[in-house]
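Reader: I would like a close look at the surface of this protein, beginning with its nonpolar side chains and moving from there to the charged pairs and the framework beneath them. Please take your time and keep the parts connected.

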Amino acid sequence: MTLMEDARKGLITPEIRSVAEVEGIDADLVRSCVAKGLVTIPKNIKGKSRAFGIGKYMSVKVNANIGTSRDFVNINDEVDKAKAAVEYGADTIMDLSTGGDLDLIRARIMDAVDVPIGTVPIYQAAASHKTVVDMTSDDMFNAVRKHAEDGVDFVTIHSGVNYNALERLKKGDRITNVVSRGGSFTIAWMIHNEQENPFYSEYDYLVEIAKEYDLTISLGDGMRPGCIHDASDAPKFMEFITLGELVSKARESDVQTFVEGPGHVPLNEVELSVKAMKELCHGAPLYLLGPLVTDIAPGYDHITGAIGGTLAGMYGADFLCMTTPAEHLALPTVDDIREGAIVTNIAAHAADLTREGQKEKARELDDRMAHARAELDWETQYEVAIDTEKARNIRESRNTGTDACSMCGELCAMKIVKSALEESRQKEN
């Protein structure tokens, strides 16, 4: 049976119990949300990953994309990136490799970490052909089954890219058209072969494979906007509607899903995007790629994504795909991955401070930091900090020898007021 099927029968499985303990939430509430599809715990029956809960009442989770390109194939680098991402706070890893021995790369990454692993099987379906339009529908489904058999916990499938979405793309005025790699493969294949997307037309078969392995389907946003101009347009909303229908179909077969979303979105449209996707997709966990809130910050898109991700998390997004300083520019390095993971974790925690089921737990950490600052307790500050190493290095490289920081030294506001209040109490006594 799948985890959703167990949950619907009232069973509190080890995975559900583990998630409840980590999140500080009643186990039966987690079970109820899994049964309804409001919480997803991606865990293939053939995999070895830890259980992570994504969705309602859960803390906001962070994903790190890694993987080779056809220009740069170094398996050891990708393994190092996976380890660094997890060390600095990523809850899941997606292997997006397109170059080299894809089976070996995936296996090495899965061996290196114990968090849920996601992939995009259409990349492998296309890999053995000269062009992406030459792959067959069998290639696509065989790749899904291969990844499931290997123990991958979730797969991104662009089933919402269908003829309806394509027609709206043709009639629209987008600048960047399609920026999703899997979405572009699918559209090119549909146009060249004059056929509907197999992952849409044969979606029931996809669900059948997923059920066999308890594989979570991440319904990909092939029509996500790739620039601010393209945000909140017809192709994007057409895909939302379709994804909602596909979520319902998967739930009928006790298969877990979550839904991917944009993309590039101006701040004033983030709430609209999140709430529309949540409504149209029946409360399914929402996985956002950013959203990036401006197009003009190459080299800093880990920050533009974190700004959008914080706001999105406050409005109900459940899962943030981190961006790195290399976004739009190059294949990220280990340092880029580290920086992206840290910044996105800051965004996730900032969102948790506002979320039902998490804000009390999240605020305990902030209160602990506040007390440590008031007491000039540096070791506790380092311990609570999202990036302990950086906090320690900055202070200790510029330490003037006082117990305050070198910005104020003996003129530290908290130190002065603490002394003044103690004097006042002594006079009163």
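Author: A surface patch, as the word is used here, is made of residues with over 30% relative accessible area and no salt bridge, and nonpolar side chains are joined into one patch when they are within 5 Å. In this predicted model, L267, Y300, I303 and I307 form such a nonpolar patch, and together they offer about 390 Å² of accessible area. One of these residues, I307, belongs to helix α14, which spans residues 301–315. I307 has a relative accessible area of 42% and is therefore classed as partly exposed, because that class lies between the limits of 20% and 50%.

The charged side chains can be taken next, and a search of the whole structure finds 26 salt bridges. In one of them D254 is paired with R8, with 2.6 Å between the closest N and O atoms. D254 sits in the loop between α12 and β8 (257–261), whereas R8 sits in helix α1 (residues 3–8), so this salt bridge ties together parts that are 246 residues apart in sequence. The two partners can also be described by their accessibility: D254 is buried, at a relative accessible area of 12%, while R8 is partly exposed, at 39%.

Another salt bridge is formed by the side chains of K46 and E149, at 3.4 Å from N to O. K46 is found in the loop between β1 (39–40) and β2 (54–55) and E149 in helix α7 (residues 137–149), so the pair ties together parts that are 103 residues apart in sequence. K46 is partly exposed, with 44% relative accessibility, and E149 is partly exposed too, with a relative accessible area of 39%.

The side chains of D150 and K146 likewise meet in a salt bridge, at 3.4 Å from N to O, and both residues belong to a network of salt bridges that links D103, R106, K146 and D150. Within this network, D150 is partly exposed at a relative accessible area of 29%, and K146 is partly exposed at 35%.

As for the framework, eight strands close into a barrel with parallel pairing, in the order β3-β4-β5-β6-β7-β8-β9-β10. From one strand to the next, the twist averages 25°. Helix α4 (residues 75–87) packs on the sheet, where this helix touches β3 (61–66) and β4, and its direction makes about 165° with that of β3. Strand β4 (residues 92–95) is joined to strand β5 (residues 117–119) in the parallel sense over three bridges, and among the residues involved, D95 has T119 in β5 as its bridge partner. Elsewhere on the barrel, helix α11 (residues 203–213) lies across β6 (154–157) and β7 (216–219), and the helix runs at about 140° to β7.

Finally, a residue of helix α12 offers a contrast to the patch described at the start. T242 is found in this helix, which covers residues 234–252, and T242 is buried, with a relative accessible area of 2%, whereas I307 is partly exposed. Leaving aside residues up to four places away in sequence, T242 touches S159, G160, N162 and Y200.

Terms used. Residues numbered from 1 in each chain as written. Predicted model: local features only at pLDDT ≥ 70, side-chain atom pairs only at ≥ 80, totals over all residues. Heavy atoms only, no water. Patch = residues over 30% accessible without salt bridge, like charges linked within 9 Å, V, L, I, M, F, W, Y side chains within 5 Å. Areas by Shrake-Rupley, 256 points an atom, 1.4 Å probe, with all protein chains shown as cover. Salt bridge = Lys/Arg side-chain N within 4 Å of Asp/Glu carboxyl O. Helix = DSSP H or I, 4+ residues; strand = E, 2+ residues; numbered from the N terminus. Buried < 20%, exposed > 50% of the residue type's maximum accessible area, 1.4 Å probe, protein only. Pairing = 2+ DSSP bridges. Axes fitted to C-alpha atoms, helices over the stretch in contact; angles between N-to-C directions. Contact = heavy atoms within 4.5 Å.
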